[in-house]
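This report walks through selected features of one protein structure. Please look at the sequence and the model before reading on.

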Amino acid sequence: MKRRLSRIGALTAAGLAGCIFATAAMPEMARANDGYDLWLAPSAAGTAVPDVKILSDSPTLRIAGDELRRDLKASALPVVLAKADDPALASLRLATAGMGTEGYLIRPATIAGRPSLLVTGRTDTAVLYGAFAVIRAQRTGADLAQLNVASAPKVKLRVLNHWDNLDGSVERGYAGQSLWDWWTLPDFKDQRYTDYARANASLGINGVVLNNVNAKPESLSAAYIAKAAALAEVFRPWGIKVYLSARFSAPIELGGLKTADPLDPQVAAWWQAKSAEIYRAIPDFGGFLVKANSEGQPGPRDYHRSHAEGANMLAAAVAPHGGVVMWRAFVYAETDPDDRAKQAYTEFRPLDGKFADNVLVQVKNGAIDFQPREPFHPLFGAMPRTPMMLELQITKEYLGFATHLAYLGPLFTEVLDADTRTRGKGSTVAKVVDGALDGHDLSGMAGVANIGRDRDWSGSTFNQANWYAFGRLAWNPALSADVIAREWAEQTFGADPRVVDAATSIMMESREALVDYTGPLGLAHLMDTGHHYGPGPWVDDLARPEWNPTYYHKADRNGIGFDRTRTGSNAIAQYAPAVARRLADPRTTPEEQLLWFHHLPWDWKMQSGRTLWEQMVSQYDRGVTTVERMQAQWRDVKGLVDEERWNKTAAYLQIQVKEARWWRDASLAYWMSVNGLSLPTGSAAPAHELAWYKAQRFPLAPGQAH
Ligand code: GCV
């Protein structure tokens, strides 16, 4: 596995010296803090205004100047913000090659005879990103006088996908109602829209899909285009474009046509006219995101056309305006008897080379659906002639909603680092996604947003770190999860190393703990029906076979796991031969993915010397004890973090401890009912009978589909 970049490595091209952490808690820690300010709470600024000059005027540069004035220590070197082609910088002979349109350069320079810190880039947005990088550097202890940084995003489209419905609900959203108040838009532009854009810009996120992929046709009506245009206007100075999810059958529902067949000239004309209408209202509209022929959504397959034919028809409509189409590969059908994990590859792989130049195929990190752990999706590296956009889920649909603390940095980097071996060693998912492996200029990463109207935006303080980690990794997929966690904690809680160390340590073990108590060793999709919150490994009565947990674990008296080798579904054949060979044998399959690929007897000997059953139980136990340790670490920083955020986090950790036990107990009770085995000595019996766990109901859990 390649070495991940540390923050310093990532930030500095020419050396960033002097990372010194202050030892005292910052003063704002004492006051109440509802988390609204995210990682951007005003920090060092005193009454004296720092010296910040902007060499030309634009709304974006003014914002950049204001950000620095509000955050920088007055004692800092004077800061000059300028576009790289500004005549005042000509004598500096700046190295702008490789900067692209969004990269920035920060370095000491003498400008108009004054020693200054120069922040520059080829566009206003690049300078804004540079300004935020200065703020981040200051907040994480860098010596600004020494700052010498060149950084450009590796990925072109860094996009949040909001699964926000027009009625204000959010599918799989656990942070309150939608941020968009569709009812009062376009006339009322809530200050939150600006604050949201600011947070995104601080990370380099440059696109926002406003509405759910399970899209309503109305989102493309004139009234809603005007609402989207109002949001686009707020976001524009922050370098953010808006995109819309498009319902494939909109020509029928909105346009009154008889068909949505992508090869029908009237349908194509309808989309062209609709696109032109959108671009008149939103000249920098990003394009469409489409979920087609998946989970009941309409699509080109309804007319026996391929996904490429559907995507290309839409792509032609937005191409004259510079737009793109992000076409999702999250496609599976209950009518297809093949392993669900194989279906997207089977459908999309033959279409490589058939998509228009402005189409990206958006692929979830794994082949099922955002589980706490999935092997990387076999489509990565398998479609070299197509830009492959990675889709991650920031909202924690399968990871305990907002209440469980699970930092997703390690999940995100695990997939980015995975070596597809499709073009030899080092063909990582990151290189597929950033376009480097196959020379694509168009590249993208999407994160399903975890943002709502809750004061703290993401439902909990630590969930904010997942938004943060997504943004930082979309800018640079080589950053390490650990460094991002520390960087986020320093900015969120202040520089006290006791807090930063505790928060980082809690975060770094949290996702693995959740895997352990919900489904260790490659088990997946074990949650209860509909809400996807608690355990339901026993569920076997849903209409679609692949919606039942029993479909995934296939446990019986003799063994457990999904055989995806040649004796089973042979899904491993979708990977490059070097990967497939390793996965073909349970002894060379990474143990954390074992039951994803193999059906094994309960007494299978694990590397630890334990049987499979003993190992499973020990990992369920380990999951619970890790959460208890996370809780104790948080207790240790009581009084060092403001009361409001400390209390809420402590209460949520208490819920998590309780529910980790619930997951562990319910799962073990069920597995024992199947395998007839007893628990290894020292492992506590479940608190209730299996029937009790089966009887739990949560009809009003948040985030369920509308
Ligand atoms: C937006 C899963 C979720 C659905 C989601 C779907 C998707 O099935 O449970 O809520 O729908 O993924 O990604 O399209």
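## Helix H2

What span should the 13 residues of helix H2 (residues 59-71) have at 1.5 Å a residue, and how far apart are its end C-alpha atoms? The model is a predicted one. The expected span of H2 is 18 Å, and its end C-alpha atoms lie 19 Å apart, which agrees.

Several residues of H2 are buried, namely Thr60, Leu61, Ile63, Ala64, Gly65, Glu67, Leu68 and Asp71. Two strands and two helices pack against these buried residues: strand E1 (52-54), strand E2 (79-83), helix H3 (124-139) and helix H4 (191-203).

## Helix H4

H4 is built from 13 residues. From its first C-alpha to its last it reaches 19 Å, close to the 18 Å expected at 1.5 Å a residue.

How many of the 13 residues of H4 are buried? The count is eleven, so H4 is largely enclosed by the rest of the structure. The buried residues are Arg192, Tyr193, Asp195, Tyr196, Ala197, Arg198, Ala199, Asn200, Ala201, Ser202 and Leu203. Their cover includes the helices H2, H3, helix H5 (222-235) and H12, together with strand E6 (157-161) and strand E7 (207-209).

## Thr461 in helix H12

H12 (residues 461-475), part of the cover of H4, is the helix that holds Thr461. Is Thr461 buried or exposed? Its relative accessibility is 5%; buried means under 20%, and Thr461 therefore counts as buried.

Leaving out residues up to four places away in sequence, Thr461 touches Asp456, Trp488, Thr492, Phe493, Arg645 and Thr649.

## The largest cavity

The structure holds 13 cavities of 30 Å³ or more. The largest cavity contains about 110 Å³ of space. Its lining is made of 13 residues, and those nearest its centre are Gln371, Pro372, Thr518, Leu526 and Trp663.

Which classes of residue make up this lining? Eight of the residues are nonpolar and five are polar, with no charged residue in the lining of the largest cavity. Domain 3 (157-485) and domain 4 (516-562 + 599-694) each give at least three residues to the lining of the largest cavity.

## The second largest cavity

The second largest cavity has a volume of about 90 Å³. Its lining consists of Ala329, Phe330, Val331, Tyr332, Arg340, Ala344, Val363, Lys364, Gly366, Ala367, Ile368 and His377. Two elements give two or more residues to this lining, helix H9 (340-348) and strand E11 (359-364).

The lining of the second largest cavity divides by class into eight nonpolar, two polar and two charged residues.

## Backbone details in loops

A cis peptide bond, with omega of about 5°, joins Leu185 and Pro186. Pro186 sits in the loop between E6 and H4.

Two residues other than glycine have a positive phi. For Ala112, phi is near 50°; for His525, phi is near 60°. Ala112 lies in the loop between strand E3 (104-111) and strand E4 (114-121), while His525 lies in the loop between helix H14 (497-518) and helix H15 (549-553). Are Ala112 and His525 buried or exposed? Ala112 is exposed, with a relative accessible area of 79%, whereas His525, at 5% relative accessibility, counts as buried.

## Pairs separated in sequence

Ala705 is in the segment after helix H20 (690-694). With a relative accessible area of 49%, Ala705 is partly exposed. Which distance separates its C-alpha atom from that of Asn165, 540 residues apart along the chain? The separation between the C-alpha atoms of Ala705 and Asn165 is 9.6 Å.

Ser505 belongs to helix H14. At 30% relative accessibility, Ser505 counts as partly exposed. Ser505 and Asp482 are 23 residues apart along the chain, and their C-alpha atoms are separated by 8.8 Å.

Methods
Residues numbered from 1 in each chain as written. Predicted model: local features only at pLDDT ≥ 70, side-chain atom pairs only at ≥ 80, totals over all residues. Heavy atoms only, no water. 1 Å grid on protein atoms, 1.4 Å probe; cavity = no way out; pocket = protein on both sides within 12 Å on 5 of 7 lines; lining within 4 Å. Points joined across faces, edges and corners; volume = space filled by probe spheres on them. Nonpolar A, V, L, I, M, F, W, Y, C, P; charged D, E, K, R; others polar. Domains from an automatic or database assignment. Helix = DSSP H or I, 4+ residues; strand = E, 2+ residues; numbered from the N terminus. Expected span 1.5 Å × (residues − 1). Buried < 20%, exposed > 50% of the residue type's maximum accessible area, 1.4 Å probe, protein only. Contact = heavy atoms within 4.5 Å.
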